[in-house]
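These are my notebook entries on a structure that I looked up before bench work. I recorded one topic at a time.

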Amino acid sequence: MKKADFILIGIVAVIVIILLIALYATGGNSGNRVQIEVDSQVVETLPLDTDAEKIIKTEKGETNTIIIKDGKVSILQADCPDKICVHHRAISRTGESIICLPHKLVVSVTNDKNTENEIDAVA
Amino acid sequence: MKSNKVKKIALYGMLVALAFTFSYFESLIPFDFGIPGVKLGLANLVVVVALYIVSPAQAFSVAIIRILLASITFGNVYSLAYSLCGGILSFAVMLLARKTKLSVIGVSMLGGICHNIGQIAVAAIVMSTVRIVYYLPVLLVAGLVTGLLIGIVSKLIIDRLIKINKDA
C-alpha cells in the first residue's frame, strides 16, 4: 500500500466523523416517536415507548408489518421481494430509519422537537 | 493476428463469466449486517483486475454486461438500478484514479466507496427522501473496507498476471 492509499483512508475517516457528528449530535440520542412515511407522505406517527403492531398497506396493496417493542421499532414482516427491511436490526435513536425501497416505505425515529416542524399528513 | 482476436474474445468472455459467478456466489451468502447495501462486492474483483490488464473500454463492457446478466438472472429491477448506477460511478472514478498516485488497493477502495455512494443516490431519488443520508457513514466505511479487501486480492492477481505475461 502506498502513502496515497493511507491519505485516502484518512480523508474518508474524517468525512465519516464529520457526518456522524452532523447527523447525530443534533436532536440527542433517543427519540420518542416513530414516523412512518409512504412515498414521502407521513401516514402514521406512533410513540416509541408504547408496544404496538401496525400493518401498513400501500395503495397497491403491498404490506409491511411494523412492530414497536421495548422502545425499539422494526419491520416484522413484508411482502417485498428482497426483505431487506425485515432483516434490518431494530432502531431506536433519532435519525435512524428502516427503509423498504420496493414499497417506498420509510420508518424513522424522530424527536417530538422535530416532528413539530413537519407537516402532519393527518389531522 | 486472427488468433490474437480470438484470444481476446475468449479472455473477455472468461472475465464476464468469472464476474457473473462471483455475483452468484455472493448472492448465496446471507450477508446479514442488518444494514442494506453492505455487500462484499466480489465481482468487483474481476472489474479491478480487468482495469489493469485490458483496455478501459473492454473492462467497462465486462462490468456492464456482468451487472445486466446478474440482475436479470437473480436480481430484480431495483438491484439493476442500484448496481448499474453504483457500477458506472465506481468504474468511472477508478478509471481516473488509476492515473493518480493510488495503488491498486487505493483505487479499489475508492471504487468501493463510489459504488456505495452511487447506490445510495439511486435510493435517495427513488424514495425522494433525504433521510437516507443517515446511511452514508456506514456505507462509506463499508465501501472502504470491502474495497481494501478486494484491492489486496486484486493486486496479488494483477502482479502475478503481469509476471506470467512477461514470461510467456
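**Entry 1: A:Ser97**

I began with A:Ser97, which sits in strand β6 of chain A. I noted that the model is a predicted one. Is A:Ser97 buried or exposed? I found a relative accessibility of 3% for A:Ser97, and since buried means under 20%, this residue counts as buried.

I then listed what A:Ser97 touches, setting aside its neighbours within four places in sequence. Within chain A, the contacts of A:Ser97 are A:His88, A:Ile91, A:Val106, A:Val107 and A:Ser108. From chain B, A:Ser97 is in contact with B:Arg131 and B:Tyr135.

**Entry 2: Chain A as a whole**

I counted three helices and seven strands in chain A. In sequence order I read the pattern as α-β-β-β-β-β-α-β-β-α. Chain A has 123 residues, and 41% of them are buried. I also looked at contacts in chain A between residues at least 6 apart in sequence, and 36% of these join residues at least 24 apart.

**Entry 3: The β4 and β5 hairpin of chain A**

How do strand β4 (residues 63-69) and strand β5 (residues 72-78) of chain A run? I recorded them as antiparallel, joined by six bridges. For A:Ile67, I found the bridge partner in β5(A) to be A:Ser74. Two residues lie between the strands of this hairpin, and A:Asp70 there takes a positive phi near 50°.

**Entry 4: Two lysines with positive phi**

I kept in mind that most residues other than glycine have a negative phi. A:Lys83 is not a glycine, yet I found a positive phi of about 55° for it. I placed A:Lys83 in the loop between β5 and α2 (84-87) of chain A. With a relative accessibility of 32%, A:Lys83 counts as partly exposed.

A:Lys104 also has a positive phi of about 55° without being a glycine. I located A:Lys104 in the loop between β6 (97-100) and β7 (105-110) of chain A. The relative accessible area of A:Lys104 is 31%, so I entered it as partly exposed.

**Entry 5: Cysteines**

How many disulfides are there over all chains? I found zero. For A:Cys80, the nearest cysteine sulfur is that of A:Cys100, at 3.7 Å. A disulfide needs the two sulfur atoms within 2.5 Å, so I entered A:Cys80 as being in no disulfide. A:Cys80 is buried, at 2% relative accessible area.

B:Cys114 is likewise in no disulfide, with the nearest cysteine sulfur, that of B:Cys85, 11 Å away. I recorded B:Cys114 as buried, with a relative accessible area of 11%.

**Entry 6: Helices α2 and α4 of chain B**

I described this pair by the angle between the axes and the distance between the axes. Helix α2 (residues 44-53) of chain B packs against helix α4 (residues 77-97) of chain B at an angle of about 35°, and their axes are 11 Å apart. I noted the crossing of α2(B) and α4(B) as right-handed.

Which residues make the contact? On α2(B) I listed B:Val47, B:Val48 and B:Leu51, and on α4(B) B:Phe91, B:Met94 and B:Leu95. By class, I found six nonpolar residues in this contact, with no polar and no charged ones.

I closed with the cover on α2(B), where eight of the ten residues are buried. Among these buried residues are B:Val47, B:Val48 and B:Leu51, which I had already listed in the contact with α4(B).

Terms used. Residues are numbered from 1 along each chain as its sequence is written. Chains are lettered from A and ligands numbered from 1 in the order in which they are written. This is a predicted model: local features need pLDDT of at least 70, side-chain atom pairs count only at pLDDT 80 or more; totals for chains, interfaces and linings use all residues. Side-chain values use heavy atoms; hydrogens and water are left out. Axes are lines fitted to C-alpha atoms, for helices over the stretch in contact, and angles run from 0 to 180 degrees between N-to-C directions. Helices (H or I, at least four residues) and strands (E, at least two) are DSSP runs, numbered from the N terminus. A crossing is left-handed if the near helix is turned anticlockwise from the far one by less than a right angle, and right-handed if clockwise. Contact means heavy atoms within 4.5 Å. Ala, Val, Leu, Ile, Met, Phe, Trp, Tyr, Cys and Pro count as nonpolar, Asp, Glu, Lys and Arg as charged, and the others, Gly among them, as polar. Two strands pair if DSSP finds at least two bridges between them. Buried means under 20% relative accessible area, exposed over 50%, partly exposed in between (1.4 Å probe, protein chains only).
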